[in-house]
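Dear colleague,

I am passing on the structure below, and after it you will find my notes on what turned up when I went through it.

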Amino acid sequence: MEKIKTQTLFELAKKQGIEEIEVYIGESKSFNVRVYKGKVEHFALEENRGLSARGISNGSMGYIYTENLKAIDREKLISALKENAEIMEASEKEEIHFDNKKCKSIELKNSAIEKISEEEKIAFALEMERSAFSIDRKIDAVNYCLFGESSGGRMIMNSKGLDLCEENNIAYAFLSVIAKEGEKVKTGSAYTVSSRFEDFNAESLAKEAASKALLQLEAESMASGPQKTLLSNEVSADLLQAFSSAFSAENVQRNLSMLKGRLGGNIGVKDLTIIDDPLLLNKAGSRSFDDEGTCTSKKYVIKNGVLKTFLHNKKTGKKAGVSSTGNAFKASYKSPVSIAPTNFFISPGTFSLSQAMESMKDGVYITDVQGLHAGLNVVSGDFSLSASGFVVRGGKMAEAVHQITLAGNYFDMLMDIEGICKDLKFIMPGSGHVGSPSILIGKLDISGE
Amino acid sequence: MLKQNVVMETLDAALSNGADFSEIFVEKRSNQTIGLVGGLVENTVSGQDYGVGIRIIRGLESVYAYTNDTSTEHLKNVAKKAALALEGKEKERVLDFRRRVGIPLMEILKYPGDVGKKEKVRMLKGAHESAYGFSDEITQVRINYLDIVQNVLIANSEGLWVEDERVRTRTSIQSVAESGGEMQTGHFAPGASMGFEFYDTIDLDKYARDASEMAAKMLHADFAPSGKMPVVIENGFGGVIFHEACGHGLEATSVAKGTSVFAEKLGEKIASGVLTAIDDGSMPGQWGSAGFDDEGLKTRRNVLIEKGILKGYMVDRLNGKKMGMAPTGSGRRQSYKHAPTSRMTNTYIAPGKSSFDDLLSNTPRGLYAKKMGGGSVDPATGEFNFAVMEGYLIENGKIRKPVRGATLIGNGLSILTKIDMVADNLSFGQGMCGSVSGSIPVNVGQPALRVESITVGGRKER
């Protein structure tokens, strides 16, 4: 990343009565290509750079940001920062730190993929589309088919002497297909996220998307009632991601998490272990330091059912009398420091999918849920989501079901896990990179006919 | 924002490898957020977004590039690099610009920047007091305030030059009620395309009390029922049902590829005769409004469905080209980081002739969905879902005991024929809609209506 000179800004800040100041720069360069019917349909070239500053005035932290880096008006920036600090009232104060510790460095940038030509990446997207059509005559359209990659980094510098920079890159492929038979229409999608080009397999992605759509073509609804439920790895990871904010100490301290007061207690079955590991290779959530400059480390959030720790930044750590867990992150340079997981996942068990079905005998296997941004309450843990999947009968996967809903309470569900499979999968990165194996739940409520 | 010659040279560089069309979108946007937790200001950020998006079209192919570095040389380089992704024979000429500056749909009386932060905080604290003081069971209140002034310049190689300003503000209030180890929430978030004067036109304290009332009610409510049943959906944000069940499927984004369940159905009867639906981006002051769309066309009122007959789609420039249809002022994008595409603005079901009481008295048993949350849809299959946050059982045509949230699911094509009664009390609700071109402000609206049968995703067998 291109360094910027902060000295003049820091000096001006001091002169204007700002006690300490910190500058954060986020940067990314990316390209993505979307193909349709054997041709490039859309091509995007993106470069993004933004700067934010936070500074302490009269003991309170103020934030500002700008994307107009070529014409920064330092005076204006400092006065806006002071104005914002002036109205802050939080009882727990944010601080600016430098503890002069060297973080364990990990390789987050794979430059090999950047050397592969754009043509080859376009060819990959075209190959995904071609493969999808070749799988079955019922594949009627490939409505999204894209390959993209992004590289970037963040830089943090403060008036106490902190000066950190980390670069990373990631690539992704995604396709969505439409299967049609008579009046019946179903869609299916698949994706890969990795910084190694060799992890991208056009044919297997096409197969995965196509089979999801094809298997659902004959789906019907089913009767309402409670069911033993096997959640696929993707569905379980979707739910974990949606409820991950309950593990944020910020939400706990703000009285917005059902997990407050549960530290050290059993909040899940004995087999349940949840890990936050920022030091995994080739994972989108990996970081060697967080957005306050704290070194990150691997930690057990739930171990054998016991809640071991919440995720902390410096402020929440101080309030709880513990150290930051290195989970202080901003959603982007535009946002204040908050808390987010890194690579956050349910530790895999030993069951294969078919063993899980055998053990459940009769129930449903849910392979897709929709409406995650709306159909759940992250505070109460209640969820009710549009779902589809398969009936499981006599320990075997039977007919497809759709147009049903899956409802329950996430925190009750963690105490009702009857089996954990070994098929750990990470979903598309969001706030953190979340993964889960498929898990078997004693009872969830299905609504259908 | 950018000088005319810079715009001209950038548009020209974008056409350098041969193309039919080039467009530049310059955006300068000031944002101010203030967050209160427990009545105290916990965070406040002000900032400026500034960037340029360049779009090039040749035939049905498009390239989009964006950058925050708006120096002339850099912009020309970005445009040239983007142009390399397309190869064409003919090089179009950039025409002279016909300048148009947007006349505000509504005069802004109090620019957000002219109102002191302390005054904003004072108002939010008042709302906190109203929400927190509602009952002893309210244990937390979170308030997030936002104001935006977005200035855009849209120019293209056909000579279009449009400057527009969009001013918006919104305050979201979330109350948490707690008792006996259980927590429930209530939520309201009014917003408008107005300045700070918006808060003179609404009673924010009432919204705050309503959020707390909802949380407290849900704390003592039973689970919602499961299975198919008639549902009476309240006016205002209830319009989310049309937004998901049908609206997305009428966006050219999915119609152009023939992948929407509503493709090739113009002129056909697709809904019950009581249903008329409109998308109108030109409504003064409304949350989803703007004088011009993000491709520089004047926004307007588009009738989508009239008495059950499909009348039109929401069309942007590129998809219009694919469909052989004129754009409808529906091209929208979150920011310069997104290529525009057809999106909804203020979408609503027109008032009908029934009264709210008629809806209830014709429903011996069912669910009354009072407060809705968001939803989603797969336009290819028409399968949609949306959340009910606060519900009540209907028994013998009367509203009875409250029930907790549940998701409602269905298929767009079939649900439109099942909306069998529409009341006369149209109102609107505000939301953020996420799709291909990012997250944008939209209004949903409707009078109360009745769906004769829909699957309710509750947890209680009847």
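Is A:Leu217 buried or exposed? The model is a predicted one, and in it A:Leu217 is buried, with a relative accessible area of 4%, where anything under 20% counts as buried. This residue lies in the loop between helix 5 and strand 7 (225-231) of chain A, and, leaving aside its neighbours within four places in sequence, it is in contact with A:Lys138, A:Ala179, A:Lys180, A:Glu181, A:Lys184, A:Val185 and A:Lys186. The C-alpha atom of A:Leu217 is separated by 25 Å from that of A:Asp423, with the two positions 206 residues apart along the chain.

One of those contacts, A:Lys180, has its place in strand 5 (residues 163-181) of chain A and, at 35% relative accessibility, counts as partly exposed. Not counting residues up to four places away in sequence, A:Lys180 touches A:Lys138, A:Asp140, A:Val185 and A:Leu217, while its C-alpha atom and that of A:Ala213, 33 residues apart along the chain, are separated by 8.8 Å.

Turning to the nonpolar cores, the largest has 59 residues, and those with the most contacts inside it are A:Phe124, A:Phe147, A:Leu175, B:Leu2, B:Val7 and B:Ile56. Helix 5 (residues 202-216) of chain A gives the most to this core, contributing seven residues. A second core, separate from that one, has 49 residues and includes A:Val235, A:Ala242, A:Val269 and A:Ile420. As for the surroundings of A:Phe147, its contacts beyond four places in sequence include the aromatic residues A:Phe31, A:Phe124, A:Tyr172, A:Phe197 and A:Phe200, together with A:Asn32, A:Val33, A:Lys121, A:Ala125, A:Ala171 and A:Ala173.

Two helices of chain A can be described by the side they bury. In helix 1 (residues 7-15) of chain A, the buried residues are A:Leu9, A:Phe10, A:Leu12 and A:Ala13; because they cover an arc of only 165° around the axis, they sit on the same side of helix 1 of chain A. A:Gln7 and A:Lys15, on the other side of this helix, are exposed. The cover over the buried residues of helix 1 of chain A includes strand 1 (21-36), helix 2 (74-86) and strand 4 (139-158) of chain A, and the helix is followed by A:Gly17, whose phi is positive, near 90°.

In helix 9 (residues 353-360) of chain A, A:Ala356, A:Met357 and A:Met360 are buried, and seen down the axis of helix 9 of chain A these residues fall within an arc of 100°, so they line one face of the helix. They pack against strand 7, strand 14 (363-370), strand 15 (382-393), strand 16 (396-409) and strand 20 (439-447) of chain A. A:Lys361, which follows helix 9 of chain A, has a positive phi, near 60°.

Positive phi values also occur at two further residues that you may wish to look at. A:Asn255, although it is not a glycine, has a positive phi of about 65°; it is placed in the loop between helix 7 (249-253) and strand 8 (274-276) of chain A and is buried, with a relative accessible area of 17%. A:Gln403, also a residue other than glycine, has a positive phi near 50°, is found in strand 16 of chain A, and counts as buried at 16% relative accessibility.

In chain B, the axes of helix 3 (residues 117-132) and helix 5 (residues 204-219) come within 7 Å and cross at roughly 35°, and this crossing is right-handed. On the helix 3 side of chain B the residues that meet are B:Met123, B:Gly126, B:Ala127, B:Ser130, B:Ala131 and B:Tyr132, and on the helix 5 side B:Leu204, B:Asp205, B:Ala208, B:Arg209 and B:Ser212. The residues of this contact divide into six nonpolar, three polar and two charged.

Lastly, B:Leu408 has its place in strand 19 (residues 406-411) of chain B and is buried, with a relative accessible area of 0%. B:Leu408 and B:Asn385 are 23 residues apart in sequence and 5.5 Å apart in space, C-alpha to C-alpha. Among the residues that B:Leu408 touches, not counting those up to four places away in sequence, are B:Val231, B:Leu367, B:Phe384, B:Phe386, B:Val388 and B:Ile454.

With best regards

Technical notes
Residues are numbered from 1 along each chain as its sequence is written. Chains are lettered from A and ligands numbered from 1 in the order in which they are written. This is a predicted model: local features need pLDDT of at least 70, side-chain atom pairs count only at pLDDT 80 or more; totals for chains, interfaces and linings use all residues. Side-chain values use heavy atoms; hydrogens and water are left out. A nonpolar core is a set of buried Ala, Val, Leu, Ile, Met, Phe, Trp, Tyr and Cys residues joined through side-chain atoms within 4.5 Å. Buried means under 20% relative accessible area, exposed over 50%, partly exposed in between (1.4 Å probe, protein chains only). Helices (H or I, at least four residues) and strands (E, at least two) are DSSP runs, numbered from the N terminus. Contact means heavy atoms within 4.5 Å. Axes are lines fitted to C-alpha atoms, for helices over the stretch in contact, and angles run from 0 to 180 degrees between N-to-C directions. A crossing is left-handed if the near helix is turned anticlockwise from the far one by less than a right angle, and right-handed if clockwise. Ala, Val, Leu, Ile, Met, Phe, Trp, Tyr, Cys and Pro count as nonpolar, Asp, Glu, Lys and Arg as charged, and the others, Gly among them, as polar. The arc is that of the directions from the helix axis to the C-beta atoms.
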